[in-house]
Amino acid sequence: MGDEKSRDFLSVRLPGGGGYRVRIEWGSLSRLGAVLRDESIEGEIFLLSDRTVWALYAKQVEGALQDAGYELLERFLLNEGEESKSLENWRAVLDRLAAVEDGTRRRLVLLNLGGGVVGDLGGFAAAAYRRGIPFIQVPTTLLAQVDSSVGGKTGVNHPAGKNLIGAFRQPCLVIADLSTLKTLPVRQVRSGLVEVVKYGLVRDGALFHYLEEQTRPILSLEPDALAHVVTRSCAIKAEIVGQDEREERGVRTLLNFGHTFGHALETAVGYGRLTHGEAVGIGILCAARISTILGMLAPGRYERIEALLEAIAIEPRIHGVDPERVWEAMKRDKKFLHGRNRFVLLEDIGRARVVEDVDAGILEDALRMHLV
């Protein structure tokens, strides 16, 4: 997949029937309209993006849609950053959807061009408007390409917790153009790679080993290495979503590994100080520490995980955070059911399971080890 003509198509098959394709390609943004025609997407486009992404790709996207005969009804642009994933912006998107739809439109399709903030907020708007309209994910960050664009979890943040308000709504298509990653700041590339580490830890030890061996080529965005980690991550996500779309059977819960601590950290420090990946990286280490303390994870495994995260330049500890604030945020997490905690913990690199009612003292000790 090293040349610009190569591509990978994956399918997400949903338990209740139906599904959608995930197209992982080089240069697909420049022929976006043709790709939509190839996938039999019909309708008029409501485009949601952020100002940074739109400044990079506006001319390219507008031209590609126009060339294929699509009408771009609206361009709704957010400010970049996690702070934009709010109820206020969700309401503003709904207001614009209602304003542009005058009753004469054939079909309205929402196209989310950007990272996880755009994809999550746009998907939630699509889930709510007219009780559900079709939407397309066009992720432009590594984090969104390997994780958030696939699977149908949509939502916005609330001061009490990250992703506290949302809905399940699957896209009709995902288009991941790997060439867009060349414009990412290196911090965002490193942050996105943490989600790939998660996939390796919970499901695929060979992927974790690949990350250890190929850290430098991946961070340098070498085409073959980059294509491998994006495709493998999406394949794992598609397989899990196909088994447990709405996190009802416990299989999809494995993808929350590191996120209970990570989301609580983001809430406690305020959205923006840490990237999602940086917070989840610390969460992964907390969960691995607990796994070791409980005797589930063999000696030396924690150190191996920490070494990989440090090679990615994810700090294993964070300064100046009140553990009590993190603890309070964690108790609001949806994985705490009726006062009982549930954590995804490791049995080995590549194998995880859900554990309930972990002793609070162990949780607090693991958390404090990573707050200095």
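**Entry 1: a buried serine**

A residue counts as buried when its relative accessible area is under 20%. I am working with a predicted model, and I began with S149. Its relative accessible area is 4%, so S149 is buried. I found S149 in the loop between α5 (142–148) and β7 (153–158).

Next I looked up what surrounds S149. Leaving aside neighbours within four places in sequence, S149 is in contact with Q137, P139, A144, P171 and V174. With A144 there is also a polar contact: a polar atom of the S149 side chain lies 2.7 Å from the backbone oxygen of A144.

**Entry 2: Q137, a contact of S149**

I followed the contact from S149 to Q137. Q137 is found in strand β6 (residues 135–139). Buried or exposed? Q137 has a relative accessible area of 5%, so I wrote it down as buried.

I then noted the polar contact of the Q137 side chain. One of its polar atoms lies 3.4 Å from the backbone oxygen of G119. Beyond four places in sequence, I listed N112, G119, S149, P171, L173, V174 and I175 as the residues in contact with Q137. G119 is thus in the contact list of Q137 and also supplies the backbone oxygen of the polar contact. P171 and V174 are in the list for Q137, and they are in the list for S149 too.

**Entry 3: the whole chain**

I stepped back to look at the chain. Its secondary structure comes to 14 helices and 11 strands. The radius of gyration is 20 Å, close to the 21 Å that the globule rule gives for 372 residues, so the chain is as compact as a globular protein of that length. Along the principal axes, the C-alpha atoms fill a box of roughly 60 × 45 × 40 Å.

I also looked up burial and surface. Of the 372 residues, 59% count as buried. The chain exposes about 15,000 Å², and carbon and sulfur atoms supply 46% of that area. For contacts between residues at least 6 apart in sequence, I noted that 75% join residues at least 24 apart.

**Entry 4: the nonpolar cores**

In soluble globular proteins, nonpolar side chains tend to be buried together. I looked for such groups here. The largest nonpolar core has 84 residues, and those with the most contacts inside it are V22, L142, L201, L265 and I305. Which helix gives the largest share of this core? I found that it is α9 (residues 223–243), with 10 residues. There is a second, separate core of 24 residues, which includes L47, Y57, L65 and L113.

I picked V22 for a closer look. Not counting residues up to four places away in sequence, V22 touches D8, F9, L10, V12, V150, V174 and C234. I had met V174 before, as a contact of S149.

**Entry 5: helix α13**

I took helix α13 (residues 323–331) as a single element. Its buried residues are P323, V326, W327, A329 and M330. They cover an arc of only 165° around the axis, so they are on the same side of α13. I looked up what covers these buried residues, and it includes α10 (259–269), β10 (342–348) and α14 (360–368).

At the N-terminal end of α13, I found a cap. It is D322, with a side-chain oxygen 3.0 Å from the backbone nitrogen of E324.

**Entry 6: L87, far along the sequence from N157**

L87 is found in helix α3 (residues 87–100). Its relative accessibility is 30%, so L87 counts as partly exposed. L87 and N157 are 70 residues apart in sequence, yet 7.4 Å apart in space, C-alpha to C-alpha. With residues up to four places away set aside, L87 touches V156, N157 and I165.

**Entry 7: two positive phi values**

Most residues other than glycine have a negative phi. I looked up two residues that have a positive one.

N163 has a phi near 55° and is not a glycine. N163 lies in strand β8 (residues 161–168) and counts as partly exposed, at 28% relative accessibility.

A313 is not a glycine either, and its phi is positive, about 75°. I found A313 in the loop between α12 (301–311) and α13. A313 is partly exposed, with a relative accessible area of 43%.

How values were computed:
Residues numbered from 1 in each chain as written. Predicted model: local features only at pLDDT ≥ 70, side-chain atom pairs only at ≥ 80, totals over all residues. Heavy atoms only, no water. Buried < 20%, exposed > 50% of the residue type's maximum accessible area, 1.4 Å probe, protein only. Helix = DSSP H or I, 4+ residues; strand = E, 2+ residues; numbered from the N terminus. Arc of directions from axis to C-beta. Contact = heavy atoms within 4.5 Å. Polar contact = N/O pair within 3.5 Å; in protein donor to acceptor, adjacent residues only side chain to side chain. Core = buried A, V, L, I, M, F, W, Y, C linked by side-chain atoms within 4.5 Å. Rg over C-alpha atoms; globule rule 2.2 N^0.38 Å. Areas by Shrake-Rupley, 256 points an atom, 1.4 Å probe, with all protein chains shown as cover.
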